[in-house]
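Please report on the fold shown below. Cover confidence first, then the overall make-up, then selected residues.

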Amino acid sequence: MGQAQPGTGTRLTLDLWHPNCWAIEATEKTSGGVLAHAIYNTPKANVATDSVNGLFTAFADSTEELEELLAAIEDSPHSGELLELQERFGSGHAAPGNVVREFFLEYDPSDMVCPVLLQHGFVHSEPVRIEDGREYWQVSFANERADIESALDGVRTDAGAEVTVERITSGDARRPERQRRLDALTPTQRDVFELARERGYYEWPRGVSTRDLAAELDVSKTTLLEHLRKAEAKLLDPQAHE
C-alpha cells in the first residue's frame, strides 16, 4: 500500500476514554448508551466558571434501563442540571435501542475532550457514541497521515486519555467532505478559529482568554464568541449547516 499523499485526507474511528466524564461513568455502570450531538456555551452571570450545555440522546432496550442510565448521569459528580426533552419509541436521531430520550445537560467545559482533539487536528463530523464506558469518535485528521501518531500522543498527554485507533482510511475520496467543512466557514470565522488554535484557546487550562483574542482582532468579546461558536458548530456538525 502506497503512502497517502499530503492533502488527501485521513479519516479515523477512535476508541477513547478520558477522566471526569459523566457519560463514560454512567454507561460503564448501566446498560444503554449516549449520543452526543452539539455543545453550546451557557455563561452565567456572577459565576466565575462558565458552563456548557450539550444536546444528547440516551438510548436503551427498555424504559427501566433508560431510567437507570439517566439516574446514573444525574448522580455523576461531573454532571449538572439535566433537562429531559421527550421520550420516543424508535430511532430518534438514528440511535439504537428500543427507547430513546433526548436531553440537555449542563457541565464543566474542563471535562471535555473535544477541544483537545481539535487542538491536535482531529475534527469530528458525526455524533459521538458512548457505550460501556468508552467514547467512539468519527474524526478527520487535518494534517498529514504521518503526523497522526504524534498528534494522538498529544491528546493522550493533554487530556489524560486512553486512545486507540479502531479504523483508519485515507484517499482522495475523503477530500470533498473535509474541504466542504472548511469551505463552510466564512473568512472571518476561519481567521478567528485558526487564531484561537494558535494561541492555545483549546488547551486546558486555556492559553489565552476570549478577552485577549478579541483585543488582538480588535473586536468586542461578544463578536469574537459569535464567530468562534459558529465556526465550531460548522466544523463539528457540518450536516446541520448544509
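This is a predicted model. The mean pLDDT of the protein is 81. Of its residues, 78% score at least 70. Over residues 1-8, the pLDDT is below 50. That stretch still has 10 contacts in the model beyond near neighbours in sequence. Residues 88-92 are another weak stretch, with pLDDT under 50 throughout. There the model has 15 contacts beyond four places in sequence. Where pLDDT is low, predicted coordinates should not be read in detail.

**Overall make-up**

The protein has eight helices and nine strands. It has 242 residues, and 45% of them are buried. The accessible surface comes to about 12,400 Å². Carbon and sulfur atoms own 47% of that surface. Among contacts with a separation of 6 or more, 67% link residues 24 or more positions apart.

**Strand β1 and its partner**

Strand β1 spans residues 10-17. Seven of its eight residues are buried, so the strand is largely enclosed by the rest of the structure. Its pairing with strand β8, residues 134-141, is antiparallel. Seven bridges join the two strands. In this pairing, T10 faces F141 of β8.

**T27 in helix α1**

After β1 comes a loop that leads to α1, and N20 sits in that loop. Helix α1 covers residues 22-29 and includes T27. Is T27 buried or exposed? T27 is buried, because its relative accessible area is 1%, under the 20% cut-off.

What does the side chain of T27 reach? One partner is the backbone oxygen of I24, at 3.4 Å. A polar atom of the T27 side chain also lies 3.1 Å from the backbone nitrogen of G133. Beyond four places in sequence, T27 touches G32, G33, V34 and L69. The same list of T27 contacts also holds I130, E131, D132 and G133.

**A60 in strand β3**

A60 belongs to strand β3, residues 51-60. A60 is buried too, with a relative accessible area of 1%. Its C-alpha atom is 4.1 Å from that of G32. Along the chain, A60 and G32 are 28 residues apart. G32 is also one of the contacts of T27.

**Two positive phi angles**

Which residues other than glycine have a positive phi here? N20 is one, with phi near 60°. D132 is another, at about 50°. Both lie in loops: N20 between β1 and α1, D132 between β7 (128-131) and β8. N20 is partly exposed, at 38% relative accessible area. D132 counts as exposed, because its relative accessibility of 62% is over the 50% cut-off. D132 is nonetheless among the contacts of T27, a buried residue.

The four residues discussed above are set out here by accessibility.

| Residue | Location | Relative accessible area |
|---|---|---|
| T27 | helix α1 | 1%, buried |
| A60 | strand β3 | 1%, buried |
| N20 | loop between β1 and α1 | 38%, partly exposed |
| D132 | loop between β7 and β8 | 62%, exposed |

**Around the β7–β8 loop**

The loop between β7 and β8 holds D132. Strand β8 pairs with β1. T27 of α1 meets D132 and G133 by contact, and the backbone nitrogen of G133 is 3.1 Å from a polar side-chain atom of T27.

Technical notes. Residues are numbered from 1 along each chain as its sequence is written. This is a predicted model: local features need pLDDT of at least 70, side-chain atom pairs count only at pLDDT 80 or more; totals for chains, interfaces and linings use all residues. Side-chain values use heavy atoms; hydrogens and water are left out. Buried means under 20% relative accessible area, exposed over 50%, partly exposed in between (1.4 Å probe, protein chains only). Helices (H or I, at least four residues) and strands (E, at least two) are DSSP runs, numbered from the N terminus. Two strands pair if DSSP finds at least two bridges between them. Contact means heavy atoms within 4.5 Å. Accessible areas come from the Shrake-Rupley method with a 1.4 Å probe; for residues, only the protein chains shown count as cover. A polar contact is a pair of N or O atoms within 3.5 Å; within protein, one must be able to donate a hydrogen and the other to accept it, and residues adjacent in sequence count only if both atoms are side-chain atoms. pLDDT is the predictor's confidence in each residue, from 0 to 100.
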